[in-house]
Amino acid sequence: MQLAKEVKYLIHKEVLLEWRSKYTINGILLYVVSTIFTCYLSFVSLSDKLAWNALFWIILLFASINGVSKSFLQETKGQQLYNYILASPAAILISKTVYNIVLMLVLTTIALGFYTLVFDTFTPPDLLLYYVAVIMGSISFSTVFTMVSAIASKAGNGGMLMAILSFPIIIPVLILLIKLAKNAVDGLPWENSYDEIGMLLLVNVLTVATSLLLFPYLWRD
Amino acid sequence: MNKIWWKILGSVLVIYTAIAGLLLGVPRLPIINESIRNLYFHVPMWFAMIVLFSISVFYSIKSLSSKSEIDDIKAVESVNAGIVFGLLGLVTGAIWAKYTWGQFWSFDPKQNFAAISVLLYFAYLILRNAIDEEQKRAKISAIYNIFAFPMMVVLLFVLPRLKDSLHPGNGGNPGFNSYDLDSRMRMVFYPACLGWILIGYWFYTIRFRLRSIENVLNNAEAFESKDIQDSFATSKNQSPAGENK
């Protein structure tokens, strides 16, 4: 139970740090809102459901990369050494992943709400399934990007490297997510989507397992 | 002398399949017609790439535990060789696509996924370039390699089956299984795969030897370590016999 206690304490620490400065949340919120607003000014109205879906996922993808990459990249050397002495690597990885999942869930919900508000000429007929797709998306993005940002933070200039490393890895996940979202946008019954949801859960579990296996090697630096 | 038998075998097989592939008869399938001969060139490229990337991930895992520079060099050079074969596979596929589907790149899912998996390994090379310190570079790139290999396998084999694709073997098209390949084609196809895998492996060993020698010349103190001395000694023994092939 040492691990669970460490994880809980570390999550508490992350949330506390974030709440004091509100740096990440405000940053990504501003990013999402300004992107949606810019798209609104250019597109004015989107009645084509495919374009509506595509634009939303693009905005979500870039917001997630920005948001999750800050988790490892903004830690200074001193903080990293302190963390290394105190906690086990598995605890740190799990706590960061859980924190990122929560952060992404909050942000994607706000993003979805704002998006449906601005582009209200089209609403998905099955909004619940669409929201399920968005939840799966935020979980998948968080798990994959947490691991990639851990790798990128060890290299020199983390920001660009993060994008380069993460794109090929995230593309299969993105394809599954967009297929699921398209089912929701078309208004298909839930039975057709069980395959995709199962696959997404599987990919998430695999990613977390691989990250847990590999992270201790990364951490020893 | 016994180290060059497989190099000769590989060269002979590739020459044989190149000539026989273009001259021997092939079954008549609609639309594909004579371009089915592409099978002898396109598919072995991908097999060679998979073999080389498997070698790479094996040495990546090994370098995590052994922390030896040799394993790291083996991992990166096999990725280099594998990328060449991946690009060749994409190019041969595109040439075939021009004749069968009408365009070099028709954004077919299999083509896209194959391109993305080659991109995955390009990102590996970029990651290596971004880190200067050797031990750290070896460790971090090994971790990314272990992450990337299953992803590549999923991209190339699992995902195309789920989507509709024009590529033979996916989406309900005739694949090159026992129903469509006849024994004339098999006679050329299997040797072609083996030949190109051997050539790819040879390419990788040459690059590995080159890189080891470069490293030895660059860091004088690394020469003290026994395993690099050993590999340098064995490569010196080999070069008079096998170097001209």
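## Helix packing in a two-chain predicted model

Trainee: Let's start with helix H3 (residues 49-73) and helix H5 (residues 89-118) of chain A: at what angle do their axes cross?

Mentor: Happy to start there, and keep in mind that this is a predicted model. The axes of H3(A) and H5(A) come within 10 Å, and they cross at roughly 150°.

Trainee: Are those two helices roughly parallel or roughly antiparallel?

Mentor: Angles over 145 degrees count as roughly antiparallel. The crossing angle here is roughly 150°. H3(A) is therefore, relative to H5(A), roughly antiparallel.

Trainee: What is the handedness of the crossing, and how do the residues of the contact of H3(A) with H5(A) divide by class?

Mentor: H3(A) passes H5(A) in a right-handed crossing. On the H3(A) side you will find A:Phe56, A:Ile59 and A:Leu60, among others, and they meet a set in H5(A) including A:Leu103, A:Met104 and A:Leu107. The residues of this contact divide into five polar, one charged and 10 nonpolar.

Trainee: Stepping back, how many helices and strands are there in chain A?

Mentor: Read from the N terminus, the elements run α-α-α-α-α-α-α-α. The count for chain A is eight helices and zero strands.

Trainee: Which radius of gyration does chain A have, set against that of a compact globule?

Mentor: The C-alpha atoms of chain A fill a box of roughly 55 × 35 × 30 Å along the principal axes. A compact globule with 221 residues would have a radius of gyration near 17 Å, and the value for chain A agrees with that: 18 Å.

Trainee: What share of the chain A contacts with a separation of 6 or more comes from residues 24 or more positions apart?

Mentor: For background, buried residues make up 39% of the 221 residues in chain A. Among contacts with a separation of 6 or more, the share from residues 24 or more positions apart is 83%.

Trainee: Which helix of chain A gives the most to the side that touches chain B?

Mentor: The contact takes 16 residues from chain A and 20 residues from chain B. Helices H6 (127-154), H7 (158-186) and H8 (194-219) of chain A each supply at least two residues of the side that touches chain B. By class, that side of chain A has 12 nonpolar, two polar and two charged residues. With seven residues, the helix that gives the most is H7(A).

Trainee: Now for chain B: what does its secondary structure come to?

Mentor: Along the sequence, chain B follows the pattern α-α-α-α-α-α-α. Buried residues make up 37% of its 245 residues. The secondary structure comes to seven helices and zero strands.

Trainee: Why are H2(B) and H6(B) described as oblique to each other?

Mentor: Their axes are 8 Å apart and they pack at an angle of about 40°. Angles under 35 degrees would count as roughly parallel. An angle of about 40° is not under that cut-off, and so the term for H2(B) and H6(B) is oblique.

Trainee: How many charged residues are there in the contact of H2(B) with H6(B)?

Mentor: H2(B) brings residues including B:Leu39, B:Phe47 and B:Val51, while H6(B) brings B:Phe189 and B:Trp196, among others. By class, the contact has 16 nonpolar residues and one polar residue, and the number of charged residues is zero: there are no charged residues.

Trainee: And how many charged residues are in the contact of H3(B) with H6(B)?

Mentor: The axes of helix H3 (residues 69-100) and helix H6 (residues 183-218) of chain B come within 9 Å and cross at roughly 135°, which makes H3(B) oblique to H6(B). Among the residues that meet are B:Lys74 and B:Glu77 in H3(B) and B:Arg207 and B:Arg211 in H6(B). Alongside six nonpolar and five polar residues, the number of charged residues is four.

Trainee: What is unusual about the phi of B:Lys67?

Mentor: Most residues other than glycine have a negative phi. B:Lys67 is found in the loop between helix H2 (39-66) and H3 of chain B, and it counts as partly exposed because it has 13 C-beta neighbours inside 10 Å. Although B:Lys67 is not a glycine, its phi is positive, at about 55°.

Trainee: Last one: what separation is there between the C-alpha atoms of B:Thr92 and B:Lys67?

Mentor: B:Thr92 lies in helix H3 of chain B. Leaving aside neighbours within four places in sequence, B:Thr92 is in contact with B:Asn38, B:Phe41, B:His42 and B:Met45. B:Thr92 and B:Lys67 are 25 residues apart along the chain, and their C-alpha atoms are separated by 38 Å.

Definitions and conventions
Residues are numbered from 1 along each chain as its sequence is written. Chains are lettered from A and ligands numbered from 1 in the order in which they are written. This is a predicted model: local features need pLDDT of at least 70, side-chain atom pairs count only at pLDDT 80 or more; totals for chains, interfaces and linings use all residues. Helices (H or I, at least four residues) and strands (E, at least two) are DSSP runs, numbered from the N terminus. The radius of gyration is taken over C-alpha atoms; the globule rule is 2.2 Å times the number of residues to the power 0.38. A residue is buried if 20 or more other C-beta atoms lie within 10 Å of its own, exposed if 12 or fewer, and partly exposed in between; C-beta atoms are placed from the backbone. Two residues are in contact if their C-beta atoms, placed from the backbone, lie within 7 Å. Ala, Val, Leu, Ile, Met, Phe, Trp, Tyr, Cys and Pro count as nonpolar, Asp, Glu, Lys and Arg as charged, and the others, Gly among them, as polar. Axes are lines fitted to C-alpha atoms, for helices over the stretch in contact, and angles run from 0 to 180 degrees between N-to-C directions. Angles under 35 degrees count as roughly parallel, over 145 as roughly antiparallel, 65 to 115 as roughly perpendicular and the rest as oblique. A crossing is left-handed if the near helix is turned anticlockwise from the far one by less than a right angle, and right-handed if clockwise.
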